[in-house]
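Here's a quick briefing to read alongside the structure. It goes topic by topic, so feel free to jump around.

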Amino acid sequence: MTNIARFIDEMPKAELHLHIEGTLEPEMMMTLAKCNDVELAYGSVDEIRAAYQFSKLQDFLDLYYQGMSVLITEQDFFDLTWAYLAKCADENVTHVEIFFDPQGHTERGVAFSTALNGITKALEQAEAEFGISHKLIMCFLRHLSEEQAFETLAQAMAHRDEIFGVGLDSSELGHPPEKFERVFKAAAEAGFVLVAHAGEEGPAEYVHGALDSLNVARIDHGNNALDDPALLERIASEQIALTMCPLSNLRLCAIDKMSEHPARAMLEAGVRVTINSDDPSYFGGYVNANYHAIHQGLDLSLDHIKTLARNSYLGSFLNETEKRAALNNFDAYSASAS
Ligand code: HPA
Ligand code: ZN
């Protein structure tokens with residue numbers, strides 16, 4: 001292992017773009033399908049893995065919603081979240097800001113509180129056992145209606161203390177941010193922090209829309225902002241963090257090879273780029289694998305890697321005191337490792 005590879009594995013870092021349902025490994029999917037008597041289209045773990053061939057976002061989403069159908073009980077959500085957090089402990093992730101998709105569960109008859117309680121209990125236990133801090137972000141599915149998003153927001157109000165933010169995910173094309181302008185305004189009034197997926201498959205225009213119509217504090221992905229120089233300059237000057245996901249982009253064919261990933265160009269344009277795993281079980285790697293992929297594919301220097309890791313804290317929703325402590329911890333690691 002090279003020095004930079006070891007530096008990546010051992011450095012403290014935050015993960016800011018992670019769908020908890022996208023951490024469901026095929027082994028757990030099979031086990032839960034049997035326990036919960038859910039019929040899957042696959043006969044084995046190998047068949048599940050073999051099905052993970054995507055040419056666009058929707059190919060993945062179809063399997064992602066099918067996969068999460070095995071999650072039924074609070075314990076299932078706990079086990080799912082716990083497995084991810086154990087991985088984080090292993091990969092020196094000290095802070096996580098994770099998404100969950102309540103409508104992916106309530107739509108099939110699993111209560112909002114069942115999913116939420118399982119996830120929350122695992123997050124709290126990981127804070128106590130591993131010292132990993134967290135924020136939980138609830139996403140609206142953008143292929144569903146505004147009305148359904150409002151219903152989901154109403155359900156979230158009973159869990160105001162456990163849910164920190166509101167986001168927007170699922171099929172991007174044909175579902176511009178403006179569709180959710182009113183419900184995001186209501187979420188802001190209720191005190192939720194706002195983020196949205198934008199510019200993953202959608203145009204730079206959708207990134208504009210997320211910033212101006214939805215008033216988000218951070219953009220998930222944001223790749224296609226590169227097509228609009230004025231927008232990119234704004235994102236850089238306002239230090240709006242982009243939560244980029246290299247292996248996801250490769251597996252969903254947003255790029256043909258890692259050397260085409262926009263992270264380096266954006267970093268060098270002064271954008272607050274962060275590196276994340278999105279749906280690691282489906283895209284072939286957790287957060288450290290994403291750093292390795294981008295390090296190799298874009299020939300990044302140690303300074304680039306340090307900036308990306310520092311950005312993971314700077315772009316987080318930790319408060320200023322917590323950010324300073326996390327950055328000091330990173331800098332101490334960096335000084336001792338270099
Ligand atoms: N994009 C949009 N929706 C999603 C994703 C993603 O990367 N992962 C899970 N839902
Ligand atoms: Zn995502």
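How many disulfides does the structure hold? The count is 0. Keep in mind that this is a predicted model. Beyond the cysteines, the points below cover a zinc site, the surroundings of ligand 1, and a few backbone spots.

**Cysteines**

- A disulfide needs two cysteine sulfur atoms within 2.5 Å of each other.
- Take cysteine 139: the closest cysteine sulfur belongs to cysteine 245 and sits 12 Å away, so that gap is too far for a bond.
- Cysteine 139 is also buried, because its relative accessibility is 0%.
- Cysteine 253 has cysteine 245 as its closest partner too, but the sulfurs are 15 Å apart, which again is too far for a bond.
- With 40% relative accessibility, cysteine 253 counts as partly exposed.

**The zinc site (ligand 2)**

- Which residues hold the zinc ion? His17, His19 and His197 each coordinate through NE2, and Asp278 does so through OD, at 2.0 to 2.3 Å.
- The angles among the 4 donor atoms run from 81 to 176°, and the site is classed as irregular.
- For reference, four tetrahedral donors would ideally give angles of 109.5 degrees.
- Along the sequence, the donor residues follow the spacing H-x1-H-x177-H-x80-D.
- Histidine 19 sits in the loop between β1 (13-15) and α2 (26-36), while histidine 197 is in strand β5 (residues 193-198), so this pair ties together parts that are 178 residues apart in sequence.
- Are histidine 19 and histidine 197 buried or exposed? Both of them are buried.

**Around ligand 1**

- The residues surrounding ligand 1 are His19, Leu57, Phe60, Leu61, Tyr64, Asp169, Ser170, His197, Glu200, His221, Asp278 and Asp279.
- Three of the zinc donors, His19, His197 and Asp278, turn up around ligand 1 as well.
- Serine 170 comes in through its backbone, with an N or O atom 2.8 Å from a nitrogen atom of ligand 1.
- Glutamate 200 uses its side chain instead, placing an N or O atom 2.7 Å from a ligand 1 nitrogen.
- Aspartate 279 also reaches in with its side chain, where an N or O atom is 2.8 Å from a nitrogen atom of ligand 1.
- On its own, ligand 1 has 260 Å² of accessible area, and the protein covers 100% of that.

**A spot in strand β5**

- Valine 193 is part of strand β5, the strand that also holds histidine 197.
- Buried or partly exposed? Valine 193 counts as partly exposed, because its relative accessibility is 22%.
- Going by C-alpha positions, valine 193 and glycine 22 are 22 Å apart in space, with their places 171 residues apart in sequence.

**Positive phi angles**

- Most residues other than glycine have a negative phi, which is the background for the next two.
- Asparagine 92 has a positive phi of about 60° without being a glycine.
- Where is asparagine 92? Look in the loop between α5 (74-90) and β2 (93-100).
- Asparagine 92 has a relative accessible area of 31%, so it is partly exposed.
- Glutamine 239 is another non-glycine residue with a positive phi, near 50° in this case.
- You'll find glutamine 239 in the loop between α11 (229-237) and β7 (242-244).
- Glutamine 239 counts as partly exposed, with a relative accessibility of 34%.

Notes
Residues are numbered from 1 along each chain as its sequence is written. Chains are lettered from A and ligands numbered from 1 in the order in which they are written. This is a predicted model: local features need pLDDT of at least 70, side-chain atom pairs count only at pLDDT 80 or more; totals for chains, interfaces and linings use all residues. Side-chain values use heavy atoms; hydrogens and water are left out. Buried means under 20% relative accessible area, exposed over 50%, partly exposed in between (1.4 Å probe, protein chains only). Donors are N, O and S atoms within 2.8 Å of the metal (3.2 Å for Na, K and Ca); water is not among the atoms, so sites may look incomplete. Four donors count as tetrahedral if all angles lie between 85 and 135 degrees; four count as square planar and six as octahedral if opposite donors are over 155 degrees apart and all others between 65 and 115; anything else is irregular. Helices (H or I, at least four residues) and strands (E, at least two) are DSSP runs, numbered from the N terminus. A residue is near a molecule or strand if one of its heavy atoms lies within 4 Å of it. A polar contact is a pair of N or O atoms within 3.5 Å; within protein, one must be able to donate a hydrogen and the other to accept it, and residues adjacent in sequence count only if both atoms are side-chain atoms. Accessible areas come from the Shrake-Rupley method with a 1.4 Å probe; for residues, only the protein chains shown count as cover.
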